[in-house]
Amino acid sequence: MIAHEETKDKFIKSWIISICIFLNIFAFIIILNLLFFRIDMTHDKSYSVSKPTIELLNKIDPENPMIIEYYYLDKCKEFAWMAQVVKYIEDMLHEYETASGGLVNVIIKQLNYEKNRSEIDKLEKQGFQSFQLRQTKESEAKVFLGYSGLLLKYKNSQQVIPMVFQDTGFEYNLDIEIKKMVETEGNKIGLLFAVENKTLEYDFSNVYNLLAQDYKSVEIIKPQQQIANDIGVMVIIGASNLTDTDILNIDQFLMSGGKAFIALNGTEITITDNEIKAEPNDSKLIDLLSYYGIKINKDLVGDNDYFTPITHGDGSQTQQFRYPIWPKIKQDNFHKHNIIVKDLPRLNLFWPSSIEVDDNIKSNVELLFNSTMNSWNQTKNFVLTYEDYEDPEKRRGIKEFNFAYSFKGKLNSYYKERNIPESINKDFISKKGILREGETQLIIVSNEYLLYNNFMQDNESTFFLNSIDTLANTYPLIQIRNKGKFSRPLDKGSKEQKEIKRTIIIAFNTIIIPVLILIMGILVFISRKAKNKKIKEKFKQ
């Protein structure tokens, strides 16, 4: 009778313990969902906000939390790649909310084109843009309309990110918009354009668009226009027809602590419908830089090892030809530690010149990139036609040539021991007189055509923006510019391979794991039964 009571008591206790364990697990799962706690195991912390982002979020006024609203169309989840993007954005926004400690409130809403038409119309008026979702099955292709965008609200202003259809750069792009709203005194960028026979509006408009996208205020400076005092960074592309007044303007801007990115060829490239020709560039800006100790040579550099071929022909009858005067920069030829270029896979240059620096400033400069050892240069009678480069033995490589430098330090003014020309507009001279020296920062690249609309691609854009971010002291954001790029291992391989992978993973999660748990439970049960049996036998003895 006593044994029976003990068995019944053990049975009740076992059930109570089992129920408590179940309730604890259930409560633990609910608490985790409420807290949104995760451990990011990706090598580059792709699913966690970075340190620069946290520092930026801390600048939000606690009295006026920022609201980030994310809207996407339900159709987006019917496409595997876009569903993954949506999930990534949702997860990252929750990370922003958690990392901000209440300074950011996130609203996520899925929309249906039929049910929420009025709301979609309202979002379109605020700047949201649709994009195509394409699905191909066997020989049939279907195209659907997709929406995925963000609306940021802070104090009395709002910003729109009209389209988000990839994970790469999401955190960077969102931080740029937050930065515009949070930082009231941002860097003002000046843009001086002076490329022979080209216009900013039609030929180099991507430069302005990139700057306007990342910076709140961008001012176009015309030749012989004074640089405003509130401009912190100047972007100078080309130097055609710059006057003594422009040179004084630039020199005094640098002496007063201003910083500059300068893209300038040592030759003037003229492109017409009939020909391409080059002549030595006799610009006054080259003379100014040479005085500072940075010499842009009036040459044309070719690289026999690594270059972009030129395509020639009409319609479908096209052919590629050797064109070593369009050299590419290999990853091995970038500075290994400089944040501007260290993560670039390659860079395309077009008719570049070489750069040399004087010994007296070598401690203040860093070489950003150069050509391979199998390179050469032309110094006169420049040849730009592709026919002249068919034979690789015609011009043999002699050495590496340098294309870009960064400088930081003190420089003497161009006018420290020089009389100011009579032609200079005296209104440009400060009431305090000419500044004779000053601390400045420069990034010089001996190629203006890498920023040309027809040539500039992702790597050239990244190099340009990294340079401006460095000069504008927003370089912490450089490290997250390309963050994302999650891989999709289940989408690799043939259709049959994908199905096999999915079947294995589903089977493992739904069958194998439960079976393993069941086996473990049976083994524990047998082990406990054996122990209880031994104990009973011991007491009987």
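Which residue in strand 10 does Ile-237 stand opposite? In this predicted model, the residue facing Ile-237 is Ala-263. The two strands involved, strand 9 (residues 231-238) and strand 10 (residues 259-263), run parallel and are joined over five bridges.

Zooming out, strands 9 and 10 belong to an open sheet of seven strands, ordered 8-7-9-10-23-22-20, with mixed pairing. Strand 8 (217-221) and strand 20 (365-370) sit at the edges, each with a pairing on one side only. Going from one strand to the next, the twist averages 20°.

Helix 10 (residues 458-471) packs on this sheet, where it touches strand 7 (188-194), strand 9, strand 10, strand 20 and strand 23 (437-445). The helix direction makes about 160° with that of strand 10. From first C-alpha to last, the 14 residues of helix 10 reach 20 Å, close to the 20 Å expected at 1.5 Å a residue. Since 13 of those 14 residues are buried, helix 10 is largely enclosed by the rest of the structure. Just past the end of helix 10 comes Asn-473, with a positive phi of about 60°.

As for the nonpolar interior, the largest core counts 58 residues, and Phe-261, Trp-351, Phe-369, Leu-451, Phe-463 and Phe-464 have the most contacts inside it. Helix 10 is the top contributor to this core, giving five residues. Leaving out residues up to four places away in sequence, Phe-463 touches Phe-261, Ile-340, Val-341, Leu-344, Leu-347, Leu-368, Phe-369, Val-445 and Leu-450. Another core, of 42 residues, lies apart from the largest one and includes Met-92, Ile-120, Phe-131 and Leu-174.

Methods:
Residues numbered from 1 in each chain as written. Predicted model: local features only at pLDDT ≥ 70, side-chain atom pairs only at ≥ 80, totals over all residues. Heavy atoms only, no water. Pairing = 2+ DSSP bridges. Helix = DSSP H or I, 4+ residues; strand = E, 2+ residues; numbered from the N terminus. Axes fitted to C-alpha atoms, helices over the stretch in contact; angles between N-to-C directions. Contact = heavy atoms within 4.5 Å. Expected span 1.5 Å × (residues − 1). Buried < 20%, exposed > 50% of the residue type's maximum accessible area, 1.4 Å probe, protein only. Core = buried A, V, L, I, M, F, W, Y, C linked by side-chain atoms within 4.5 Å.
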